[in-house]
Amino acid sequence: MPHGYYDSKPEIMKRLNRAAGQIAGIGRMVEDDKYCIDILTQISAVRAALDKVALELVEDHAKHCMAEEDPAIKDTKAKELTDAIGRMM
């Protein structure tokens, strides 16, 4: 059975690849001794991009993985989701 993010996987991969490119760019900025504030701005942009991916995954999990009819499984999935969100915070 595919994961809940199966349908949005291309968009998620696009965002992750973009974030990876941004991280590589930050490394080049450090290597080139760029201004600290400019580097911090780029770090903030990468965090925002990753947060968007995380929110997409949370939404996909809620729609797909928590659609279980068995209350015991639903409770387990809800706890799993809240624990994951707690780790992100």
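In this predicted model, helix α1 (residues 9-31) and helix α2 (residues 36-65) run with their axes within 10 Å of each other, crossing at roughly 160°. That angle makes α1 roughly antiparallel to α2, since anything over 145 degrees goes into that class. As for handedness, the crossing of α1 past α2 is left-handed. Sorted by class, the residues in the contact of α1 with α2 come to 15 nonpolar, two polar and five charged.

Between these two helices sits a loop, and D33 is part of it. The backbone does something worth a look here: phi of D33 is near 55°, a positive value in a residue other than glycine. D33 also counts as exposed, because its relative accessibility is 70% and the cut-off for that label is over 50%. A little further along comes C36, which belongs to helix α2. With a relative accessibility of 55%, C36 counts as exposed too. C36 and D7 are 29 residues apart along the chain, and their C-alpha atoms are separated by 39 Å.

The other helix pair is α2 with helix α3 (residues 71-88), and here the axes lie 11 Å apart at an angle of about 175°. α2 and α3 are therefore roughly antiparallel to each other. On the α2 side, the contact is made by A54, V58, H61, A62 and C65, which meet K77, E80, L81, I85 and M88 of α3. By class, that contact of α2 with α3 divides into seven nonpolar, one polar and two charged residues.

H61 is a good place to zoom in on this contact. H61 lies in helix α2 and is buried, because its relative accessibility of 15% falls under the 20% limit. Setting aside neighbours within four places in sequence, the contacts of H61 are M66, K77, E80 and L81. Of these partners, K77, E80 and L81 belong to the α3 side of the helix contact.

D51, also in helix α2, gives another view of how α2 relates to the end of α3. D51 is partly exposed, its relative accessible area being 47%. Although D51 and M88 are 37 residues apart in sequence, their C-alpha atoms are 8.6 Å apart in space. M88 is also one of the α3 residues that meet α2.

Stepping back to the whole chain, the secondary structure amounts to three helices and zero strands, and the order along the sequence reads α-α-α. For overall dimensions, the C-alpha atoms fill a box of roughly 55 × 25 × 15 Å along the principal axes. The radius of gyration of the chain is 17 Å, whereas a compact globule of 89 residues would come out near 12 Å. As for burial, 19% of the 89 residues count as buried, H61 being one of the residues with that label. Sequence separation in the contacts can be put in numbers as well: among contacts between residues at least 6 apart in sequence, 52% join residues at least 24 apart.

Methods: Residues numbered from 1 in each chain as written. Predicted model: local features only at pLDDT ≥ 70, side-chain atom pairs only at ≥ 80, totals over all residues. Heavy atoms only, no water. Axes fitted to C-alpha atoms, helices over the stretch in contact; angles between N-to-C directions. Helix = DSSP H or I, 4+ residues; strand = E, 2+ residues; numbered from the N terminus. Parallel < 35°, antiparallel > 145°, perpendicular 65-115°, else oblique. Left-handed = near helix turned anticlockwise from the far one by under 90°. Nonpolar A, V, L, I, M, F, W, Y, C, P; charged D, E, K, R; others polar. Rg over C-alpha atoms; globule rule 2.2 N^0.38 Å. Buried < 20%, exposed > 50% of the residue type's maximum accessible area, 1.4 Å probe, protein only. Contact = heavy atoms within 4.5 Å.
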